Amino acid sequence: MDKISKLRHEIDSVDKSIFTAILKRIEIARKIFLEKKMLGANITDISREQNLLKSLSKEFSGRLPTVLIEDLIKSIIRTEKIRYNYDEDRSLLSILSDRPILIAGPCTIESEEQMMRISRKVASHGVKLLRGGAFKPRTSPHSFQGLGDEGIDFIRSAANELDMYVVSEVLDEKNLEKHYDKIDMIQIGSRNMTSSGFLKEVGKVTCKDEKPILLKRGFASTLKEFLYAAEYVAAENDNIVLCLRGIRTFEQIESQLRFTPDLASIIELKSMTKYPIIFDPSHAAGASHFVMPLAKAALSLDADGLMIECHDYPQEAPVDAFQAVHPDELSQITGF
Ligand code: PEP
Ligand code: MN
């Protein structure tokens, strides 16, 4: 017994030194964070985190399981990030200057409970921009059109509770005005990108507070037409984020892809505009197993961010069920 209690003592002191070392790490990471903030540099550096995991796994390979190293480092980094969020400026402006910009949430708001449940999971991965459609631009008038006004209330209360921002689409001027104060970033969908009257109206209504606009590429529009659409809005408000989301080509005749992912357009568009360019792999692919590989490809092509549709029970989703990824997949991008 004496021997065991001596060893236990030893273990206790090792445990203490593990946690002292973690605290020290958090303190150093905090200094880096403050330094970066002062320089206006990006706070999250995903490639550094990935390299760190690789090098530790290599160094301890054969002695410690990789999964233990990964779990430990990820949860320490997660704790650090949660700490920063407490005192970091988490205004919408600062979130939109983070890279990558991450917008995630369900395609469609289905109920108060569904929105809250999925938002919690999305928030647990550090995402601050919550998406969800209340007014769905459906091709068929017979399909579910979204919950409407009630849906906007559900996404707003989920965002309020979780300290997130609402990104949601409105289809017309009436709802733009009606829900203006409940939506933090106004989404203009692919089908509305060509409605110049609506684009002008969005610019006019949002210019008073320069509310950010998420403008999605028309699925049959050229890049030039896309930028003309942005110009209509920018005439009054140029706080715009452009979103590529796949285009229609002959590929859809014999392919699982819903659209053709316009990944190379990230590169081309970068040289044509000052606006941030994000990529929506969910609509571009239309099938969940393509989503994360395309998301990573977009980031490696220097996209400024992503918009990803998530659902924890995709089989229950009334719209775009096939392309929904589980919210936990977001950790592949955020690192936690
Ligand atoms: C959406 O993002 O909710 C959507 C309807 O996408 P898109 O306008 O690109 O079809
Ligand atoms: Mn959708």
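This passage describes side-chain pairs, a ligand site and a few buried residues in a predicted model.

Salt bridges make a good starting point. Side chains of opposite charge can pair when their charged atoms come close. The structure contains 16 salt bridges, and a few of them are followed here one at a time.

In one of these pairs, the side chains of E80 and R25 meet with 2.7 Å between N and O. The two residues come from distant parts of the chain: E80 belongs to helix 3 (residues 66–87) and R25 to helix 1 (residues 2–39), with their positions 55 residues apart in sequence. Are the two partners buried or exposed? E80 has a relative accessible area of 4% and is therefore buried, since buried means under 20%. R25, with a relative accessible area of 24%, is partly exposed.

A salt bridge also joins R120 to E161, where the closest N and O atoms are 3.3 Å apart. Because R120 sits in helix 5 (residues 112–124) and E161 in helix 6 (residues 149–162), this pair ties together parts that are 41 residues apart in sequence. R120 is partly exposed, at 45% relative accessibility. E161 has a relative accessible area of 54%, so this residue counts as exposed, the cut-off being over 50%.

Helix 6 also holds D153, whose partner K182 is found in the loop between helix 7 (173–178) and strand 4 (185–188), 29 residues away along the chain. The side chains of K182 and D153 meet in a salt bridge with an N to O distance of 2.8 Å. K182 is partly exposed, with a relative accessible area of 30%, and D153 is partly exposed too, at 37%.

Salt bridges can also be followed from residue to residue. Which residues are linked in a network of salt bridges? E113, R117, K121 and D312 are linked in this way.

Aromatic rings come next. A pair of aromatic rings is described by the distance of the centres and the angle of the planes. The structure holds one aromatic pair. The ring centres of F219 and F259 are 5.3 Å apart and their planes stand at 35°, so this pair is tilted. Both residues lie in loops: F219 between strand 5 (213–216) and helix 9 (223–234), and F259 between strand 6 (240–244) and helix 10 (264–270). The pair links distant parts of the chain, 40 residues apart. F219 is buried, with a relative accessible area of 18%, and F259 counts as buried at 2% relative accessibility.

F259 has a charged partner as well: R245 lies over the face of this ring, at 4.3 Å from the ring centre. An arrangement of this kind is also found at Y180, where K211 lies over the face of the ring at 3.9 Å from its centre.

R245 leads on to the ligand site. Which residues surround ligand 1? R245 is one of them, and the others are R131, K136, P137, E169, Q187, G189, S190, R191, K216, H283 and M307. Some of these residues bring polar atoms to the ligand. A polar side-chain atom of K136 is 3.1 Å from an oxygen atom of ligand 1. K216 likewise places a polar side-chain atom 2.7 Å from an oxygen atom of ligand 1. With S190, a backbone N or O atom is involved, at 2.8 Å from an oxygen atom of the ligand. How much of ligand 1 does the protein bury? Taken alone, the ligand exposes 290 Å², and the protein buries 97% of that area.

Two further residues complete the picture. V202 lies in helix 8 (residues 196–206) and is buried, with a relative accessible area of 0%. From V202 to P293 the C-alpha distance is 33 Å, and the two residues are 91 residues apart in sequence. S282 is part of helix 11 (residues 281–285) and counts as buried at 0% relative accessibility. The C-alpha atoms of S282 and C310 are separated by 8.9 Å, while the residues themselves are 28 residues apart along the chain.

Terms used. Residues are numbered from 1 along each chain as its sequence is written. Chains are lettered from A and ligands numbered from 1 in the order in which they are written. This is a predicted model: local features need pLDDT of at least 70, side-chain atom pairs count only at pLDDT 80 or more; totals for chains, interfaces and linings use all residues. Side-chain values use heavy atoms; hydrogens and water are left out. A salt bridge is a side-chain nitrogen of Lys or Arg within 4 Å of a carboxyl oxygen of Asp or Glu. Helices (H or I, at least four residues) and strands (E, at least two) are DSSP runs, numbered from the N terminus. Buried means under 20% relative accessible area, exposed over 50%, partly exposed in between (1.4 Å probe, protein chains only). Rings of Phe, Tyr and Trp (its six-membered ring) pair if their centres lie within 6.5 Å; planes under 30 degrees apart count as stacked, over 60 as edge-to-face and the rest as tilted. A charge sits over a ring if NZ of Lys or CZ of Arg is within 6 Å of the ring centre and within 35 degrees of the ring normal. A residue is near a molecule or strand if one of its heavy atoms lies within 4 Å of it. A polar contact is a pair of N or O atoms within 3.5 Å; within protein, one must be able to donate a hydrogen and the other to accept it, and residues adjacent in sequence count only if both atoms are side-chain atoms. Accessible areas come from the Shrake-Rupley method with a 1.4 Å probe; for residues, only the protein chains shown count as cover.
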